[in-house]
Amino acid sequence: MGKGKRSLQHIFSTSSFSKDEEEPCLLTPPLSSAAHSLSPLLSETDDDSPLVRDHLVPARNPPKTVKSHPEELEDVPLSILITTYCGYIILILFGHLRDLFGKVFNSSEYIPFSFMDGYAPMISDFESFYRRRLYRRISDCFNRPVLGIPGRFVTLLDRTSIDFNSTFRYTGGTTTLLNLGSYNYLGFSENDGPCTDSVEESLLEYGLGTNCTRFEGGTHELHNDAEKLIARFVGQEAVMIVSTGYAANATTLPALVSKSCLVISDEFNHPSLISGARISGAASRVFKHNSIDSLEQVLRQAISQGQPRTHRPWKKILVVVEGLYTNEGSIVRLPEILELKRRYKFYLYIDEAHSIGSLGSCGRGICDYWGVSSSEVDIMMGTFSKSFGAAGGYVAGSREIVEHLRLQCYSSVYAETLSIPVLQQIISSVTIVMGEDGTNEGIRRLERLVFNARYFSSRLREMGFIVYGDIDSPIVPLVLFNPAKIPAFSRECLSRGIAVSVVAYPNTPLVSGRAKFCLSATHTREDLDWALQQINEIGDLLRLKLCKFPKTHT
């Protein structure tokens with residue numbers, strides 16, 4: 001047992017889902033702007049809370065359609081922005097000075113970046129500058145090796161560096177932390193329970209995999225069963241399962257659009273969507289993050305002007321958004337986008353990698369969350385690696401679209417199929433979420449997740465932190481700003497027993513580096529209270545409480 005495990009045992013209970021634990025009942029439609037501004041400090045038993053009183057609906061009943069509202073972001077003090085920019089300027093200047101002196105006094109280090117025997121360098125010193133002079137300084141905050149199951153707790157392999165993070169040496173010890181850094185939303189990353197039992201049985205009955213593509217004898221009956229189940233779950237006619245979520249986006253978009261088509265993308269879309277749009281050869285336009293006004297402006301200009309030079313009409317226009325944005329924690333404003341869709345007649349592609357299983361009264365994703373019909377969305381993509389504890393992704397839509405993708409999508413034609421255990425994990429976990437296993441385990445996990453998300457983000461806002469994202473999002477970004485505070489926050493959390501992800505440029509805008517807390521249904525109220533206490537102390541230590549008017553519960 002690692003030293004972290006021993007130090008945390010007296011704080012946390014051992015069971016993630018105690019049968020005797022009182023469960024919250026907070027599965028509701030989205031909050032209105034007024035409810036969001038209250039930022040309520042929730043209690044599991046506080047039936048008079050505005051969140052419970054005004055927004056409680058039966059868990060299995062579809063929510064009413066609720067009009068979305070713009071995300072309200074805290075105004076950042078000008079002094080913080082200035083010091084953040086100055087911090088990066090100083091890092092870059094000192095990095096270039098080190099390169100200048102290094103080429104004179106330690107030229108051997110720069111041999112890989114020089115012309116050798118007539119060969120041009122594969123990577124120049126300028127292209128590797130960010131990795132050598134910025135990322136390496138804080139690389140101990142990333143790629144931390146783990147042991148065991150990334151569930152409620154996660155165990156890290158202890159490592160140290162004596163050459164400023166150029167290399168790491170493992171000490172042989174381990175540290176167990178409260179896991180606030182994994183996308184294990186519903187807690188299905190586990191090694192016991194009905195999912196694990198069914199996976200073991202499928203492995204004994206069917207073996208490990210089919211060892212070929214779907215077109216070459218690799219379609220197992222579990223592939224067909226999983227696709228039919230997911231189609232019912234998301235409310236679409238048909239589904240195609242592929243081996244990775246990244247490939248689902250990067251290879252599906254080129255099969256849908258091509259030259260003379262237009263892809264309109266949110267500025268914070270995932271790189272897999274950007275790669276797919278570039279590979280397709282279609283023209284691309286970008287609109288401001290989650291801004292309906294910006295999207296409409298781009299649409300009006302694109303339709304009125306047509307294609308460049310010829311001004312011919314576009315063959316088709318495809319708007320690409322995410323259901324829940326990974327680094328921002330914001331939920332797409334789907335009702336307004338659908339209004340624009342009816343007006344301007346474009347196709348809509350939604351990436352539900354993080355929203356499927358984590359949003360909606362039944363866990364069915366963004367359409368379930370907003371109470372709209374999934375038939376209004378043309379293509380819905382999602383992954384199984386977050387909420388369902390598996391791997392791979394899917395693309396859902398009409399039967400005609402899916403049959404077209406089976407022949408044209410590279411990840412369907414050429415990629416290896418998902419293995420048998422992974423398919424069984426998908427089937428078992430989705431069956432539990434749908435309530436078709438004969439228990440209420442799925443709805444209990446959904447209720448726990450939505451309570452944890454609202455409670456945690458509300459408490460952080462009350463403490464004075466600047467927190468981005470929607471209050472219903474299980475991803476809670478806490479903005480750190482200054483580049484020196486990004487590794488400091490991560491290392492301080494590690495020393496106190498909390499595993500958390502930090503995100504910086506280029507994954508975020510330069511001045512908005514952040515810590516990203518990922519809530520799970522496995523977390524208990526005691527877990528979150530202890531973590532909030534530690535984060536509160538870290539916030540005071542690093543002076544991160546920059547909110548001018550912390551929201552309090554009234």
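Select R448, F451, N452, Y455, F456, R459, L460 and M463 in helix 16, then add R525, L528, D529, L532, I535 and N536 in helix 18; these two sets are in contact. The model on screen is predicted. By class, the residues of this contact split into eight nonpolar, two polar and four charged. Now show the two helices whole, residues 441-463 for helix 16 and residues 525-542 for helix 18; their axes come within 11 Å and cross at roughly 20°. Angles under 35 degrees count as roughly parallel, and helix 16 and helix 18 are therefore roughly parallel to each other. The crossing of helix 16 past helix 18 is right-handed.

**Helix 8 and helix 9**

Next, select residues 245-256, which form helix 8, and residues 271-280, which form helix 9. Their axes come within 7 Å and cross at roughly 25°. This pair is therefore also roughly parallel, and helix 8 passes helix 9 in a right-handed crossing. On the helix 8 side, pick Y246, N249, A250, L253 and P254; on the helix 9 side, pick P271, S272, L273, S275, G276, A277, I279 and S280. The contact between helix 8 and helix 9 holds eight nonpolar and five polar residues, with no charged ones.

Stay on helix 9 and colour S272, L273, G276, A277 and S280, which are buried. Seen down the axis of helix 9, these buried residues fall within an arc of 135°, so they line one face of the helix. What do they pack against? Helix 8 is one partner, and the others are strand 5 (262-266), strand 6 (283-287), strand 7 (317-322) and strand 8 (347-351). On the face turned away from the buried side, R278 and I279 are exposed. Step past the end of helix 9 to G281, whose phi is positive, near 85°.

**Helix 6 and helix 15**

Select residues 194-206 for helix 6 and residues 420-434 for helix 15. The axes come within 8 Å and cross at roughly 145°, and the crossing is right-handed. From helix 6, P194, C195, S198, V199, S202, L203 and Y206 take part; from helix 15, they meet I420, P421, Q424, Q425, S428, S429 and I432. Eight of the residues in this contact are nonpolar, six are polar and none is charged.

**Helix 13**

Go to residues 399-408, helix 13, and mark the buried residues V402, L405 and R406. Viewed along the axis of helix 13, they fall within an arc of 105°, so they line one face of the helix. Their packing partners are helix 7 (221-234), strand 4 (238-242), helix 8, strand 10 (393-397) and helix 14 (410-413). The face of helix 13 turned away from this buried side carries E400 and L407, both exposed.

**Two single residues**

Centre on G235, in the loop between helix 7 and strand 4. G235 is partly exposed, at a relative accessible area of 40%. Which distance separates G235 from S374, 139 residues apart in sequence? From C-alpha to C-alpha it is 5.9 Å.

Then select S501 in strand 13 (residues 501-503). S501 is partly exposed, with a relative accessible area of 25%. Leaving aside residues up to four places away in sequence, S501 touches G181, R514, A515 and K516. F489 is twelve residues from S501 along the chain, and their C-alpha atoms are separated by 10.0 Å.

**Backbone stops**

Most residues other than glycine have a negative phi, and most peptide bonds are trans. The remaining stops depart from this pattern.

Follow the chain to the peptide bond from Y505 to P506, which is cis, with omega near 15°. P506 belongs to the loop between strand 13 and strand 14 (513-518).

N143 is not a glycine, yet its phi is positive, about 55°. Look for N143 in the loop between helix 5 (129-135) and strand 1 (146-147). N143 is exposed, with a relative accessible area of 63%.

The last selection is N290, also not a glycine, with a positive phi of about 55°. N290 lies in the loop between strand 6 and helix 10 (292-305). Is N290 buried or exposed? At 11% relative accessibility, N290 counts as buried.

How values were computed. Residues are numbered from 1 along each chain as its sequence is written. This is a predicted model: local features need pLDDT of at least 70, side-chain atom pairs count only at pLDDT 80 or more; totals for chains, interfaces and linings use all residues. Side-chain values use heavy atoms; hydrogens and water are left out. Axes are lines fitted to C-alpha atoms, for helices over the stretch in contact, and angles run from 0 to 180 degrees between N-to-C directions. Helices (H or I, at least four residues) and strands (E, at least two) are DSSP runs, numbered from the N terminus. Angles under 35 degrees count as roughly parallel, over 145 as roughly antiparallel, 65 to 115 as roughly perpendicular and the rest as oblique. A crossing is left-handed if the near helix is turned anticlockwise from the far one by less than a right angle, and right-handed if clockwise. Contact means heavy atoms within 4.5 Å. Ala, Val, Leu, Ile, Met, Phe, Trp, Tyr, Cys and Pro count as nonpolar, Asp, Glu, Lys and Arg as charged, and the others, Gly among them, as polar. Buried means under 20% relative accessible area, exposed over 50%, partly exposed in between (1.4 Å probe, protein chains only). The arc is that of the directions from the helix axis to the C-beta atoms.
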